[in-house]
Amino acid sequence: MAKRYEDNKNYIVINHITQISRSSSSISANLAEIVPTLSVKHKISKINISLGECKETRIWLEVLHYNELLSKKEFEELTSLC
């Protein structure tokens with residue numbers, strides 16, 4: 001998706017895609033930080049942060065879809081990952 005809009009001069013679109021990139025990469029980063037030595041409290045915290053990032057990613061996708069920058073099919077495929 002980022003590749004498709006890389007030449008776009010609309011900074012709002014660029015910002016949305018940048019935010020999707022940040023929030024979606026934060027999901028896996030937080031889950032990767034869960035190691036056996038962490039307490040249960042810290043593990044739950046990492047999972048909750050990841051869940052919040054999933055929700056943020058979905059919101060940005062909804063904004064792009066609402067503004068017709070994502071097709072219905074693309075939106076459904078990407079949100080299913082969330």
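## Helix 1: span and burial

Helix 1 has 22 residues, which at 1.5 Å a residue should span 32 Å. Its end C-alpha atoms lie 31 Å apart, so the two values agree. The helix covers residues 11-32. This is a predicted model.

Buried positions in helix 1 are Val-13, His-16, Ile-17, Gln-19, Ile-20, Ser-23, Ser-26, Ile-27 and Asn-30. These buried residues pack against helix 2. Ser-25 also sits in helix 1. Ser-25 has a relative accessibility of 41%, so this residue counts as partly exposed. Its C-alpha is 9.6 Å from that of Ser-50, a residue 25 places away along the chain.

## Confidence

The mean pLDDT of the protein is 86. A score of at least 70 is reached by 91% of the residues. Confidence is highest in helix 2, with a mean of 92, and lowest in helix 1, with a mean of 85. Where pLDDT is low, predicted coordinates should not be read in detail.

## Helix 2: span and partners

Helix 2 runs over residues 40-66. Its 27 residues reach 39 Å from first to last C-alpha, close to the 39 Å expected at 1.5 Å a residue. Buried here are Ser-50, Glu-53, Cys-54, Thr-57, Trp-60, Leu-61 and Leu-64. They pack against helix 1 and against helix 3, residues 72-81. After helix 2 comes Glu-68, with a positive phi near 60°.

## Thr-57 at the helix contact

Thr-57 belongs to helix 2. Its relative accessible area is 4%, and buried means under 20%, so Thr-57 is buried. The Thr-57 side chain makes a polar contact with the side chain of Ser-23, at 2.7 Å. Ser-23 is itself among the buried residues of helix 1.

Leaving out residues up to four places away in sequence, Thr-57 touches Ile-20, Ser-23, Ser-24, Ile-27 and Cys-82. Of these contacts, Ile-20 and Ile-27 are listed as buried in helix 1.

## Nonpolar core

The largest nonpolar core holds 8 residues: Val-13, Ile-17, Ile-20, Trp-60, Leu-61, Leu-64, Leu-70 and Phe-75. Helix 1 and helix 2 each supply at least two of them. In soluble globular proteins, nonpolar side chains tend to be buried together.

Ile-20 links two parts of this picture. It is a member of the core, and Thr-57 touches Ile-20.

Conventions: Residues are numbered from 1 along each chain as its sequence is written. This is a predicted model: local features need pLDDT of at least 70, side-chain atom pairs count only at pLDDT 80 or more; totals for chains, interfaces and linings use all residues. Side-chain values use heavy atoms; hydrogens and water are left out. pLDDT is the predictor's confidence in each residue, from 0 to 100. Helices (H or I, at least four residues) and strands (E, at least two) are DSSP runs, numbered from the N terminus. The expected span of a helix is 1.5 Å times one less than its number of residues. Buried means under 20% relative accessible area, exposed over 50%, partly exposed in between (1.4 Å probe, protein chains only). Contact means heavy atoms within 4.5 Å. A nonpolar core is a set of buried Ala, Val, Leu, Ile, Met, Phe, Trp, Tyr and Cys residues joined through side-chain atoms within 4.5 Å. A polar contact is a pair of N or O atoms within 3.5 Å; within protein, one must be able to donate a hydrogen and the other to accept it, and residues adjacent in sequence count only if both atoms are side-chain atoms.
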